[in-house]
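Biologist: Could you walk me through the charged contacts here and the reasoning behind each label?

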Amino acid sequence: MTRRRKDKSHLLEFYGIECDHCVDMEPLIEQLKDEMGLTLRRFEVWYNDDNLKLLQRLDKDGSCGGVPFFYNKRTQDWVCGATTYDNFKAWAQGFPSERFLPPPKEEEAEGSVNQIKSFIDRIRKEGMERMQSRMENSSSKSAEKAKAGAFVAPMANGVGRRGHDHAAVSRKPNANVPLKSNGGLATGGALANISGTEIAMLICGMNGM
């Protein structure tokens, strides 16, 4: 006999670690749980790609574009950013609610519709900066791995070179231009035309210096 899975909450919260507006909503989330018995399933998006993809699917056309983002799976309605408790509770219960309604302290500080729009833009910008920073860090790590994984390509005479310099290995030993070493050893070119006696004389001359 299989056990019945516990019902998962239909209320979702998407947040970012160190997001100030997300922290502002935590007391309201606890109040909703204590008063209404309603809980939220939480998804961190700044450091979790799977959660970020889910947010992008639910936030169609990037209408909110930031966090916190609250989504009701039953009504398919959502709230963007920090909001009032009454609006938050109405959203959670499936009643009509405002998608963009900053809490009183934000309304008093901004004082106009245009400034409320600025508040929304700030949330969006904050989320995008976090995601951009994460993408740059990921690209940097990939470049470091690629550099660390450079292989050593053998040359015709058995002397190795770094993998990213392997194009020089294709030069013929009799070429007039010596091979570039770029920090490694390489022979061929003009050196190939020096006889054994001449090499011995050069060595003796160096030892006598």
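**Salt bridges and burial**

Modeller: Happily! Glu 13 has a relative accessible area of 0% and is therefore buried, the cut-off being under 20% (exposed is over 50%, partly exposed in between, with a 1.4 Å probe and protein chains only). This is a predicted model, where local features need pLDDT of at least 70, side-chain atom pairs count only at pLDDT 80 or more, and totals for chains, interfaces and linings use all residues. Residues are numbered from 1 along each chain as its sequence is written, and side-chain values use heavy atoms, without hydrogens and water.

Biologist: What makes the contact of Glu 13 and Arg 42 a salt bridge?

Modeller: The term needs a side-chain nitrogen of Lys or Arg within 4 Å of a carboxyl oxygen of Asp or Glu. Glu 13 and Arg 42 meet at 2.7 Å, N to O, so the pair qualifies. Glu 13 sits in strand 1 and Arg 42 in strand 2 (residues 41-44), 29 residues apart.

Biologist: Why is Arg 42 called partly exposed?

Modeller: Its relative accessible area is 41%, which falls between the two burial limits, so Arg 42 is partly exposed.

Biologist: How do you know that Asp 77 is buried?

Modeller: Asp 77 has a relative accessible area of 17%, so it meets the buried limit. Its side chain forms a salt bridge with Arg 99 (3.1 Å, N to O).

Biologist: And why does Lys 125 count as exposed?

Modeller: Lys 125 counts as exposed because its relative accessibility is 53%. Its salt-bridge partner is Glu 129, with the closest N and O atoms 4.0 Å apart.

Conventions. Helices (H or I, at least four residues) and strands (E, at least two) are DSSP runs, numbered from the N terminus.
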